[in-house]
Every structure is written in C-alpha cells, then in structure tokens.
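Dear colleague,

I am passing on the structure we spoke about, and I would be grateful if you could look through it at your convenience. My notes on what turned up follow underneath.

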Amino acid sequence: MSFWFHGIIGFGDKVINLYGYTLEGLAEFLLANGQKKFNAVQIFDWMYVKKARSFSEMTNLSKDLRAFLNSTCCLDLLAVLQHQVSADGTQKFLFGLPDKFAIETVLMAQDYGMSLCVSSQVGCNMGCAFCASGLQKKNRDLTADELVGQVMTAEQIAGTKVTHIVVMGTGEPFDNYDNVIRFIRIVNDAKGLAIGQRHITVSTCGIVPKILAYAEEPVRSNLAISLHAPNDELRASLMPINKRYPLKDIIEACQIYFDKTSRRITFEYLLLSGVNDAVALADELSDLIRGLNAYVNLIPYNRVSEFAFERTDMNRAMQFYDRLIKRGINATLRKEQGLDIDAACGQLRLKSDR
Ligand code: SF4
C-alpha cells in the first residue's frame, strides 16, 4: 500500500534561516548584531526541543530580540511536494527547495529506531553506473539549513522523532564537506536534537582526502564506504571515482580513520546479478578488508529502469554472505524496505519535473 500527499509548507522571504546555525554560530550571530550571546541556548531549545515554528512563540526572549529575529531571520522548513508511505512503514519524501530544485529523503522504521536517509546535493557528479541519482548531474550543494530542514520537515510530517541519520541519499557528502560537517554538529548538539554521534553515519564513494579530514573531526560520527567491488578493475567500471582514488588508498585511509577514532567501518556492497556477486569475489573482498575493524552490508539492488542491472536472487546473495562469514568477515544482508514505493535512491526525483 502506498499513498501520496501533495502539499506545500510555505517558504518565507527572509534571508537567514536559523536551521543553518550551530549553537556557537548562533551565539556569534547574535553578538555581531548587538544581541546577547546567551540567548542562543534559549533559541536553540525553542527550535529543536520545543519545536517552535515562529519567533513569537519564544516567550522567554525579550520583545526586542523577537522583533529582531522576526525582521531578519526565518525558521522555514522544506516544501513537501510528495510523500509516499510504504506498507512496511518506509516513508519517502520529495522536498522542494526555494530555488525550485527538489531532493529526496527516506524515513525507515528500524528495530533500533527511526532512521532518516538524507540527501547532500541536488544531483551528483560521481557517475556511479547503477545509480539513479547520478543520472542528473550535480546542480548544487545543499546548504546546512537544507540538510537540517530534511530532518525537521520529515519529523513534522511523519509525527515522529528521528533517532538515526544516514547521509546516504542523493549526492556525495564529502563533495559538500563543510555543510555536511556543520549539519552533523547541529543535529548532534546536546542542547538541540541531540542525535548521538554513534547514530549518525556518512557514506562516501571514497574521496580519500576527506576521509582523512573526517577522521580528525571532533564529532565522531560513523563512516561507511560504498565499495561495491573488491578490485580496481571492476570497481572502476562501476564507479569512476575509483580511477582517482583506487582501493589501496581507500583501505589505507580507512585504517587511519580507525586508528584515530576506534570506530568500526561499514562497507556497503550492492549485489548486482552477474556483475559483482560471484563467490570468488566474496573471497577477494575478504582478503581486501581483512584486518580492518569493519563489516560488510550487502544490499539487494532496487532495479532502475534506465539501467540493465538486475537484482541478485536471494540464493546467490546468501551464498555470497555465507562465504564472507566463513572467511571471518562480519556481514549483514540488508532487508528490503519500501519495495512498493520508488525506493531506489533518486527514483522519485527522476520522475518529478525538478
Ligand atoms: S551512488 Fe552516491 S556517489 Fe554514486 S552517483 Fe549515486 S549519489 Fe553519487
């Protein structure tokens, strides 16, 4: 079963959207405008804990401050262009941005909580051969307030609290590094949404210098690598980025990330029938990542009509999984979610005219 919601939560015309500020950034902004720094904590609390939708609700702020905020800032959420709900509870949103581009966000009910998959860019330049998002070149990076806006708007429409975030939707997060890191700091802040650092995961196709930078960030969120192949030849045929950053460099960067953070790394591996799902490749994959504290997340492929790739059947997927386990590699075979909606990354946006 799925149903559709068409509607708009309106855009304001103010320039500064406060959802783009970290708590420290908000304090500096207030100070620079002749206001009191300490009000930042109260405003943050209204925005993220009390979920205020207007400055006039913030009754413990002075009238002057509320007037200042009203005249210069906004708390705009994203426009909801479409909302699909799958029979298994997965919810997919097509959000409209002020410049009329659109992005996708997916909310999944998991055993451990409500996980939101956010987009980081409008389109993507990485050109992965199997990906609907990559069919549309990058138009622009998302701003930090648009990243936070996905969380706040999804929570409001779904009437739920997001407990986990994966930056795994459209776009390469490390190609929009600064905004993504700012987003993580905002949603992680204990005085705001307080989403724990272990509950936030960034998934990259393997931009090595940014993996190394990520290892140094004070908020220790998780790292996932979209691997999809255990050797350079096959991986480069699926993911052009591999020509720039081959597997050896990625694995070295992962080791450095682990040494600095002690965080287990996830390798995402999309199973494509007859392409990367042979048991011999499971052996190669085991050899490649042996010694790293990592696990492999095997993902069934959601067919995209523009591509010839097919989903690996469950028997073959189980053989691949069993081989990894037999060779001492931690692995999971992801359950399929949202099959009755356009669940593959980028499919909803492709069907829209934005
Ligand atoms: S899989 Fe990710 S990095 Fe590759 S084209 Fe799609 S959105 Fe971009």
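The shell of residues around the ligand divides into four nonpolar and four polar residues, with no charged ones; please bear in mind that this is a predicted model. The residues concerned are Cys 124, Met 126, Gly 127, Cys 128, Cys 131, Ser 133, Gly 134 and Gly 171.

Turning to the interior, the largest nonpolar core holds 108 residues, of which Leu 18, Ile 43, Leu 69, Phe 130, Phe 183, Phe 267 and Val 296 touch the most other members. Helix H5, which spans residues 177–188, supplies the largest share of this core, with seven residues. As for Ile 43, once its neighbours within four places in sequence are left aside, its contacts are Leu 18, Leu 26, Leu 30, Met 58, Leu 61, Leu 65 and Leu 69, and two of these partners, Leu 18 and Leu 69, are also listed among the residues that touch the most other core members.

The aromatic residues deserve a separate paragraph, since a search of the whole structure finds 10 aromatic pairs. In one of them, the ring centres of Tyr 301 and Phe 309 are 6.2 Å apart and the planes stand at 80°, so the pair is edge-to-face; both residues are buried. Elsewhere, ring pairs join Phe 174, Tyr 177, Tyr 214 and Tyr 257 into a cluster. Tyr 177 also has Lys 210 over its face, at 5.5 Å from the ring centre, while the charged end of Lys 50 sits over the ring of Trp 46, 4.5 Å from its centre.

With best regards

How values were computed:
Residues numbered from 1 in each chain as written. Predicted model: local features only at pLDDT ≥ 70, side-chain atom pairs only at ≥ 80, totals over all residues. Heavy atoms only, no water. Near = heavy atom within 4 Å. Nonpolar A, V, L, I, M, F, W, Y, C, P; charged D, E, K, R; others polar. Core = buried A, V, L, I, M, F, W, Y, C linked by side-chain atoms within 4.5 Å. Buried < 20%, exposed > 50% of the residue type's maximum accessible area, 1.4 Å probe, protein only. Helix = DSSP H or I, 4+ residues; strand = E, 2+ residues; numbered from the N terminus. Contact = heavy atoms within 4.5 Å. Phe/Tyr/Trp six-rings, centres within 6.5 Å; stacked < 30°, edge-to-face > 60°. Lys NZ or Arg CZ within 6 Å of the ring centre and 35° of its normal.
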